[in-house]
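Open the model in your viewer and keep the sequence panel beside it. The tour has two stops, a strand with its partners and then a pair of helices.

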Amino acid sequence: MTKRDIRRGVVRRGLLALAVWWLWMPLAALLVWVVKHAVFGGFGQQDQSYVLLIEQELFPHGGPLDATPLFWVWVAVGLLGTVWVVAYVAEESGAGFRGWRVRLALAAVLLAVAGSLVRAGTGMWDDDKDAGRFYAAATVLDVPAGGTAVPRSVLPVTEHTRKGDGGRCDLVGTADVPACVKTEPMPDFDFEARTASYAAASKALTDSAGLTSGVHLMGHSLHYLPDASQGGGVWTALLDGSGEQPMEGVAVWDGRSNTVATCAFRGGHAFDRAFSGTGATSLRNLLAERFPDLVYSEQDIWGYCDGPDPRTALPVVVISVARQIGWKQRTVLEPAGVLVLRGSIDGKPDMTYRKEVAPGELPGAVYPASVVRAQIHEVQWLGGRGAKDDRGFGYAHTSASTNAGNPGEFLLRSKADGHLYYVTPLVPRESSSQLVVAFAVLRADRTGGGLNDLHVYVRGDDAPSVNLDVLASRMVSYMAQQTAITISAGQGGALQEIVPFGRDMWRGFVDFNGQTQDYVDLSGDATVKPNLVSLSGSITAPGGQPSRAPAPATPSPTPTAQAPAPAGGCGGDPAQLTTGQLAACVAELSRALQGRVQESATARP
């Protein structure tokens, strides 16, 4: 065998080793895709999740252009293996490393290795910042114009700014992440207050909904639909099926009564799929097959009854969807409209995709709450990496025990403009403080055309301090004074949730045995007299005797004035008393009679 033959054999073995080294991973990935796409062709989630994973981890833009750091790490490893193969061929063929071709090849490969590692390193360094850059472009920090100074919680941004356009932004940050600062206090939205807590709604709908075996309340679909009338909102949730049992319909609770209404899929509006269904009943697989580029989170699924009477109304399922798009060397989620699902005569879901939704077209949130939470999280980047890492800039959801199960993204309707907003109280990031230093507010009733602006309204340092734990203590104390009932606050306690509404007004829900019986309204600065409202007559502690209820009051941000004492006393002629005086006398008589009954009961042997 000649030297030429030996060299040819060595080169062939080297090329084969290079092919195996470079191609085994792509071929394995392709084989996995073929199995998921062909063998499991009826399971759309398999196909969709795999394609989205490849885009997320390797090719955000569909190819090597602006690929992820992981891809460049793979290239660097492949090139290092190429160096070993070249060295092997040079050694075994007898050419050595003295020839210029071998040296040039090694130099080129080593240079490519260095370039790949640099590309991977810069990508990994900027990966989280790039997410901040994407969402920061739709974020506005609203700082109050009055007061003694710029709020300390926003100083890491405002210390390094230049003049803005005076329209959307009065100041623009100088860090490499876009920051927009507007000199404007939080407007008086005067939100409609809710009449029941999230926990009570979950309890009521779970216990009272569903007439078919295999049907369960889809917990993450619990959604509050604010109504245009005061206190007219309702809670809804999907009655989802499981296994081969399809979805039953939508459950509705008004937050006051003990009854839950249901609009069901039936007759000419049947529905043969379920989110928790299996095989041909799986709604998730069907959605993934029909809309492979749309994604959603559990909290972005909700439903409503299309009609005045839920018993005869048509159930509708709404999914606020997002699209995974390439951004820099990574992927991000961008709102992409809604999917509206209805029943049909043959039971096949009638699915409509709407890229844009205008305010008022649907009764609930059409902007994904999961994207809102991502936007709030990325506020920490507005001052750049140094402000985030070294000074802990940013805002976070409160960790107060009363709101542990529902800390933010409250869907509220503004009385001022009638629009729906996500409203979230925020505390300083990386701090033990539970002082509410800002509110995140974002329009929830419109979607389409990219991100909605997230306004972070920063409270001034001289503003009255608001601490949810302190508010809870004040609410507990006030209820004890008014009813002689001592309640506990926090997760598992009677005071379950504190939600903002109006200007510096807060409502705490008092839940007994899983039902909201009362609520307490008070102002953060203690300038407004608290308002205690019983939703079901006398206030009763668990296992206790009824206690005196507060004077009748309408659920309003500010309590009505108490009726004056009767001029002639309650012993006078009832015909001479006003309606308010007569009501006060009746309430006083009832309390006195109740006290005597309790005393006589206690005195018995």
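Two strands count as paired here if DSSP finds at least two bridges between them. The model is predicted, so that rule is applied to predicted coordinates.

**Stop one: a strand and its partners**

Select residues 454–458, which form strand β21. Is this strand mostly covered or mostly exposed? Mostly covered: 4 of the 5 residues in β21 are buried.

Now add residues 438–443, strand β20. Strands β20 and β21 are antiparallel, and 5 bridges link them. To find the register, show Leu442 in β20 and Leu454 in β21, which stand opposite each other.

Next add residues 139–143, strand β1. Which way does β1 run relative to β21? The two are parallel and are joined by 4 bridges. Here the pair to display is Leu141 and Val456, the latter in β21; these residues stand opposite each other.

When looking at side chains, keep in mind that in a regular strand they alternate between the two faces of the sheet.

**Stop two: a helix crossing**

Hide the strands and select residues 44–57, helix α2, together with residues 283–290, helix α7. The axes of α2 and α7 come within 7 Å and cross at roughly 50°. Because of that angle, α2 counts as oblique to α7. The crossing is left-handed.

Show side chains at the contact. From α2, pick Gly44, Gln45 and Gln48; these meet Arg284, Asn285, Ala288 and Glu289 of α7. Coloured by class, the contact residues come out as 4 polar, 2 charged and 1 nonpolar.

Notes:
Residues numbered from 1 in each chain as written. Predicted model: local features only at pLDDT ≥ 70, side-chain atom pairs only at ≥ 80, totals over all residues. Heavy atoms only, no water. Axes fitted to C-alpha atoms, helices over the stretch in contact; angles between N-to-C directions. Parallel < 35°, antiparallel > 145°, perpendicular 65-115°, else oblique. Left-handed = near helix turned anticlockwise from the far one by under 90°. Contact = heavy atoms within 4.5 Å. Nonpolar A, V, L, I, M, F, W, Y, C, P; charged D, E, K, R; others polar. Buried < 20%, exposed > 50% of the residue type's maximum accessible area, 1.4 Å probe, protein only.
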